[in-house]
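This report is for a reader who meets the structure below for the first time. Please look at the sequence and the fold before reading on.

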Amino acid sequence: MWAASNGSRSVELPGIGTGGLSQIVTNQFVIGQKYVMRFDYTVNPFAQDGNYGATVLVTGAGPVVFDYEKTAANMPGAMNYLTFAYNFTATSETKTIQFLSNGTGFLGIVIDNMSIAEAGVVPEPASWAMLLAGFGLTGAMMRRRRPVPAALR
């Protein structure tokens with residue numbers, strides 16, 4: 001119904017009570033692996049200005065509340081999507097992902113462009129120390145070299 005942030009479809013979570021949507025993702029996760037789920041969100045452009053929120057839940061991880069401050073700048077053709085990232089560690093191969101509305105009115109959060117990917121690997125402190133030591137030794141070697149005088153012909 002509204003302009004999507006990516007593609008041609010989005011989904012709106014009505015603001016009436018705590019309702020929402022869920023999806024079971026089966027046999028797609030490696031236990032112990034870190035993942036990041038990203039999605040774009042905004043608010044129905046005809047909702048009153050103010051703060052709108054929803055809760056994201058992934059089985060085995062804690063709930064996270066995200067908020068959106070709706071202003072008059074939100075219009076059907078310019079939805080002003082924001083991107084939200086939710087990090088979790090897989091505790092099983094199957095996860096249930098839920099988006100729950102925290103609203104009180106008929107109009108609510110609009111979600112689009114949801115994806116899940118393995119989180120980037122962060123080097124351990126020992127790796128950083130070796131990298132810095134390598135740069136230091138390279139700099140020291142370059143500094144110790146004696147310049148060769150240029151020969152005139």
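What follows describes the overall make-up, one sheet, one of its strands, and the main nonpolar core.

**Overall make-up**

The model is predicted. The protein has 153 residues, 27% of which count as buried. Its secondary structure consists of eight strands and one helix. Read from the N terminus, the order of elements is β-β-β-β-β-β-β-β-α, so the helix comes after the strands. Among contacts between residues at least 6 apart in sequence, 81% join residues at least 24 apart. The exposed area of the protein is about 10200 Å², and carbon and sulfur atoms supply 59% of that area.

**The four-stranded sheet**

Four strands form an open sheet in the order 2-7-4-5, and their pairing is antiparallel. Strand 2 and strand 5 lie at the edges; each has a single partner strand, so one side of each lacks a neighbour in the sheet. On average, neighbouring strands of this sheet are turned by 15 degrees against each other, with direction ignored.

Strand 7 is joined to strand 2 and to strand 4, as the table shows.

| Strand joined to strand 7 | Bridges | Direction |
|---|---|---|
| Strand 2 (residues 20-25) | Six bridges | Antiparallel |
| Strand 4 | Five bridges | Antiparallel |

Single residue pairs can be picked out along these joins. Ser22 has Gln98 of strand 7 as its bridge partner. Thr55 has Leu100 of strand 7 as its bridge partner, and Val58 stands opposite Ile97 in strand 7.

**The two faces of strand 7**

In a regular strand the side chains alternate between the two faces of the sheet. Which residues of strand 7 lie on its covered face, and which on its uncovered one? Lys95, Ile97, Phe99 and Ser101 make up the covered face, whereas Thr96, Gln98 and Leu100 make up the uncovered face.

**The nonpolar core**

In soluble globular proteins, nonpolar side chains tend to be buried together. The largest nonpolar core of this protein contains 22 residues. Those with the most contacts inside the core are Met37, Phe39, Phe66, Phe99 and Ile109. At least two core residues come from each of strand 3 (34-43), strand 4 (50-58), strand 5 (64-70), strand 6 (82-89), strand 7 (95-101) and strand 8 (109-118). Strand 3 gives the most, with five residues.

Phe99 links two parts of this description: it belongs to the covered face of strand 7, and Phe99 is also among the residues with the most contacts inside the core.

Terms used. Residues numbered from 1 in each chain as written. Predicted model: local features only at pLDDT ≥ 70, side-chain atom pairs only at ≥ 80, totals over all residues. Heavy atoms only, no water. Core = buried A, V, L, I, M, F, W, Y, C linked by side-chain atoms within 4.5 Å. Buried < 20%, exposed > 50% of the residue type's maximum accessible area, 1.4 Å probe, protein only. Contact = heavy atoms within 4.5 Å. Areas by Shrake-Rupley, 256 points an atom, 1.4 Å probe, with all protein chains shown as cover. Pairing = 2+ DSSP bridges. Axes fitted to C-alpha atoms, helices over the stretch in contact; angles between N-to-C directions.
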